Amino acid sequence: MARVIEEASETKPRPSAWERERPALEFGSAWDYAPAPESRDHVRLAERYDLFIGGRFVPPKSRKYFATINPATEDKLAEVAEAGAADVDAAVKAAQEAYQRRWSKLKPAERGKYIYRIARLLQEQSRELAILESMDGGKPIKESRDVDLPLAVAHFFYHAGWADKLDYAFPRKTVSPIGVCGQIIPWNFPLLMAAWKIAPALACGNTVVLKPAETTPLTSLALARICQEADLPPGVVNIIPGAGETGGALVSHPGTRKIAFTGSTEVGKLIQRATAGTGKRLTLELGGKAANIIFEDAALDQAVDGVVNGIYFNQGHVCCAGSRLLVQESVIDTVVAKLEHRIATLRLGDPLDKNTDVGAINSKMQLDRITELSGYGESEGARMYQSSCKLPEKGYWFRPTFFTGVAQSHRIAREEIFGPVLAVMTFRTPDEAVEKANNIPYGLSAGVWTDKGSKIFKITAKMRAGVVWANTFNKFDPASPFGGYKESGFGREGGVHGLRAYVELS
Ligand code: NDP
């Protein structure tokens, strides 16, 4: 049963006739499934993980280790080495040596063979890796198993294919690699982001130093083990977990020729400042506040399901999440009613249970941020709807939530919450929808739901967003470029456009 949170102020919209008269939602035990836990036995966790530099796991010169925990249980999973400035230096030097001596000199087809090998090993070990991803990050196993892992594998296969065909990607140009790439990734899709960064860099003949996020280092370190198993020449891939300072040292190291970053707009701006004037190449994939637009002629059940997938997938920890919903005024009551029904059926809980739809929030820090920003929703006058699902006693959890009566100026409509929280607004005309959707500093993605093909073309052409989905959401393919406008960053990942970020053309 869904519950409607009491209005906090008199400025809130009055309930519609439908809301006053609707029957209470009583699902009883209709949605109770028997537990279907994935076994943890497939995962071999070490007590301690070292840095992966020059093809070997080495203890950190910093002598520091930090704990990585399971956000669903708050249990410590392992200790992980924290790379300091001297470790960053060692990793960059290992990557430089590998670049100069081996990787850039290897025949492109030979490079491709190594990348194919990594892809096949990832595929073979995908069950273990999916479980590890869910344990370290809190995402439901059905997402890590069916989305993160297959896409990560696909990225390696796709880019392996490009390794000896770069002349066809850039006809009439001489294509050469850049050198050592410093790559910094976030915690929302740890292994997938590592694949997005490493696969194209290697295919283009570069070597890499990758820093995973502090809360989710384990699958990147498992990928390091796979690089060893694939006999990748030492130093081609170096993986150095650590904190923000580790990322900062990698960015400012004179040996890195290109920086690729995915994360918050705030840190993206710091990196842009740090690299300005250095001649380093830079690509930034930053935050978003995507609008999903539902027109009155849309298939509403499908649209609502797409909206649910757009915002509650991966607990809303998605840079392109559809966190704003714009609904044509004539169908707002119906859409809100369907949304309320739908969030009541989402199963929240153990990420390793195959029936779980919404897992744990990635960290205590992120939970605090989501709680704080959602609090502004109510205090600024919006009306909160939350699923009434039971929260586990331990771990970090946030109920699927949406707000109605949201104004464009509300913080929940402007700031990236990065959690399972949706801001619902209305519009009357297509022009108003476009105006409102674009009225935001971000421009990463958008969604349009309508029955009319001509409307799709008309509206999508006006959206200032890097990716616009029509009658679907959150669809990814390695051949399809992804990236943002405005404060969502610049540069593309995936497809031919993504290769451009890792080559010099003359
Ligand atoms: P950050 O941008 O801080 O983290 C992304 C990566 O950058 C992590 O590996 C992080 O390391 C590293 N990093 C942090 N500071 C620096 C620095 N000064 N120089 C170089 N690298 C650095 O995101 P947070 O994890 O702090 O999340 C904060 C908010 O950012 C979220 O609430 C969300 O709104 C947004 N976000 C957006 C993402 C996106 O894909 N668009 C992804 C993640 C977050 P470490 O993990 O050690 O901090």
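**Reasoning through a predicted model**

Student: Setting aside its neighbours within four places in sequence, which residues is Val 251 in contact with?

Tutor: Val 251 touches Ile 184, Thr 256, Ile 259, Ile 271, Ala 274, Thr 275 and Lys 280. Keep in mind as we go that this is a predicted model.

Student: What makes these pairs contacts?

Tutor: The word is used for heavy atoms within 4.5 Å. That rule concerns heavy atoms, whereas a C-alpha distance is another kind of value: for Val 251 and Lys 280, the C-alpha atoms are 9.3 Å apart in space, with their positions 29 residues apart in sequence.

Student: Why is Val 251 called buried?

Tutor: Buried needs a relative accessible area under 20%. Val 251 has 3% relative accessibility, so Val 251 counts as buried. You will find Val 251 in helix H9, residues 244–252.

Student: Why does Val 304 count as buried?

Tutor: The cut-off is again under 20%, and Val 304 has a relative accessible area of 3%, so Val 304 is buried. Val 304 sits in helix H11. Apart from neighbours within four places in sequence, Val 304 is in contact with Val 335, Lys 338, Leu 339 and Arg 342.

Student: What makes H11 and H12 oblique to each other?

Tutor: Helix H11 (residues 300–312) and helix H12 (residues 332–344) pack at an angle of about 55 degrees, and their axes are 10 Å apart. Roughly parallel needs an angle under 35 degrees, and roughly perpendicular covers 65 to 115. The angle of about 55 degrees falls in neither range, so H11 and H12 are oblique. Their crossing is right-handed. Among the residues that meet there are Leu 300 and Tyr 312 in H11, and Thr 334 and Ile 343 in H12.

Student: Why are H4 and H8 described as roughly antiparallel?

Tutor: Roughly antiparallel needs an angle over 145 degrees. The axes of helix H4 (residues 126–137) and helix H8 (residues 218–229) cross at roughly 155 degrees and come within 9 Å. H4 and H8 are therefore roughly antiparallel. Residues making this contact include Leu 129 and Leu 132 of H4, together with Ala 222 and Ile 226 of H8.

Student: How do you know whether Arg 172 is buried or exposed?

Tutor: Exposed needs over 50%. Arg 172 has a relative accessible area of 82%, so Arg 172 is exposed. Its place is the loop between helix H6 (166–169) and strand S7 (175–177). Arg 172 also has a positive phi, near 65 degrees, in a residue other than glycine.

Student: And what relative accessible area puts Glu 74 in its class?

Tutor: Partly exposed lies between the 20% and 50% limits. Glu 74 has 37%, so Glu 74 is partly exposed. Glu 74 belongs to the loop between strand S5 (65–69) and strand S6 (76–81), and has a positive phi of about 65 degrees although it is not a glycine.

Student: Which residues touch the most other members of the largest nonpolar core?

Tutor: They are Phe 156 and Leu 202, in a core of 112 residues. Helix H7 (residues 190–203) gives the most to this core, with eleven residues. The core also draws at least three residues from each of domain 1 (48–286) and domain 2 (291–470).

Student: How far apart are the C-alpha centres of domain 1 and domain 2?

Tutor: The two centres lie 31 Å apart. The contact takes 26 residues from domain 1 and 27 residues from domain 2.

Conventions: Residues are numbered from 1 along each chain as its sequence is written. This is a predicted model: local features need pLDDT of at least 70, side-chain atom pairs count only at pLDDT 80 or more; totals for chains, interfaces and linings use all residues. Side-chain values use heavy atoms; hydrogens and water are left out. A nonpolar core is a set of buried Ala, Val, Leu, Ile, Met, Phe, Trp, Tyr and Cys residues joined through side-chain atoms within 4.5 Å. Buried means under 20% relative accessible area, exposed over 50%, partly exposed in between (1.4 Å probe, protein chains only). Helices (H or I, at least four residues) and strands (E, at least two) are DSSP runs, numbered from the N terminus. Domain bounds come from an automatic or database domain assignment. Axes are lines fitted to C-alpha atoms, for helices over the stretch in contact, and angles run from 0 to 180 degrees between N-to-C directions. A crossing is left-handed if the near helix is turned anticlockwise from the far one by less than a right angle, and right-handed if clockwise.
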